[in-house]
Amino acid sequence: MPIKTKKTLTSKGVRMMMDAALARAAEFGITVSVAIVDDGGHLLMLERMEGGRFHTVHSSTAKAVTAASNKRPTTTKGAQGQELDVIHALGLALAAGPKNWTAMEGGYPVMVENECIGGIGVSGGDWKQDEDIARAALGAIGAS
């Protein structure tokens with residue numbers, strides 16, 4: 001069949017993810033920016049907590065887009081999971097465009113039944129806090 005059925009994030013699901021992420025950040029006592037994108041990297045929701053640094057808007061969005069594109073958490077590894085040194089990581093970001101790829105931790109794909117339906121990016125804490133906040137958001141909708 002030339003047509004495929006696919007899962008998508010709903011507005012309700014996106015709101016649930018955002019609420020969970022912001023609540024977890026508040027538990028840490030930090031201000032973050034959270035970006036949620038669909039499976040094509042298109043922004044669905046973005047929030048910068050009051051007092052959050054403005055650069056975190058761009059960082060969180062790049063993390064979400066990268067995670068959705070690669071279908072795996074953002075790391076210093078390349079698109080195929082290969083190790084990258086700093087020069088290659090920077091080169092990849094420049095080649096893809098800094099809005100489309102980053103090696104910073106804190107981006108996670110939204111996976112449902114082994115299908116990537118989007119990405120979430122968190123920026124503002126240390127990398128472990130960003131990870132914890134993103135995982136709380138994923139858990140809010142039962143995604144991995």
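This short talk covers the sheet, two helices and the largest pocket of one structure.

Keep in mind that this is a predicted model.

Let's start with the sheet. Four strands build it, and the sheet is open. What is the order of the strands? It reads 2-1-4-3, with antiparallel pairing. At the edges sit strand 2, residues 43-48, and strand 3, residues 107-112. Each of those two pairs on one side only. On average, neighbouring strands are turned by 15° against each other, direction ignored.

A quick reminder on pairing. Strands of a sheet pair through backbone hydrogen bonds, parallel or antiparallel.

Now look at strand 1, residues 33-38, and strand 4, residues 115-123. How many bridges join strand 1 to strand 4? Six, and the two strands run antiparallel. Find V37, and you will see G119 of strand 4 opposite.

Next, the helices. Helix 1, residues 11-28, packs on the sheet. Helix 1 touches strands 1, 2, 3 and 4. Its direction makes about 25° with that of strand 2. Helix 2 packs on the sheet too, touching strands 1, 2, 3 and 4. The direction of helix 2 makes about 155° with that of strand 4.

Last stop, the largest pocket. It holds about 310 Å³ of space. Its lining has 17 residues. Which lie nearest the centre? A62, P98, K99, W101 and T102. By class, the lining has eleven nonpolar, five polar and one charged residues.

Helix 2, residues 55-70, and helix 3, residues 86-96, each supply at least two lining residues. Which helix gives the most? Helix 2, with six. So helix 2 appears twice in this talk: packed on the sheet, and in the lining of the largest pocket.

Methods: Residues numbered from 1 in each chain as written. Predicted model: local features only at pLDDT ≥ 70, side-chain atom pairs only at ≥ 80, totals over all residues. Heavy atoms only, no water. 1 Å grid on protein atoms, 1.4 Å probe; cavity = no way out; pocket = protein on both sides within 12 Å on 5 of 7 lines; lining within 4 Å. Points joined across faces, edges and corners; volume = space filled by probe spheres on them. Nonpolar A, V, L, I, M, F, W, Y, C, P; charged D, E, K, R; others polar. Pairing = 2+ DSSP bridges. Axes fitted to C-alpha atoms, helices over the stretch in contact; angles between N-to-C directions. Contact = heavy atoms within 4.5 Å.
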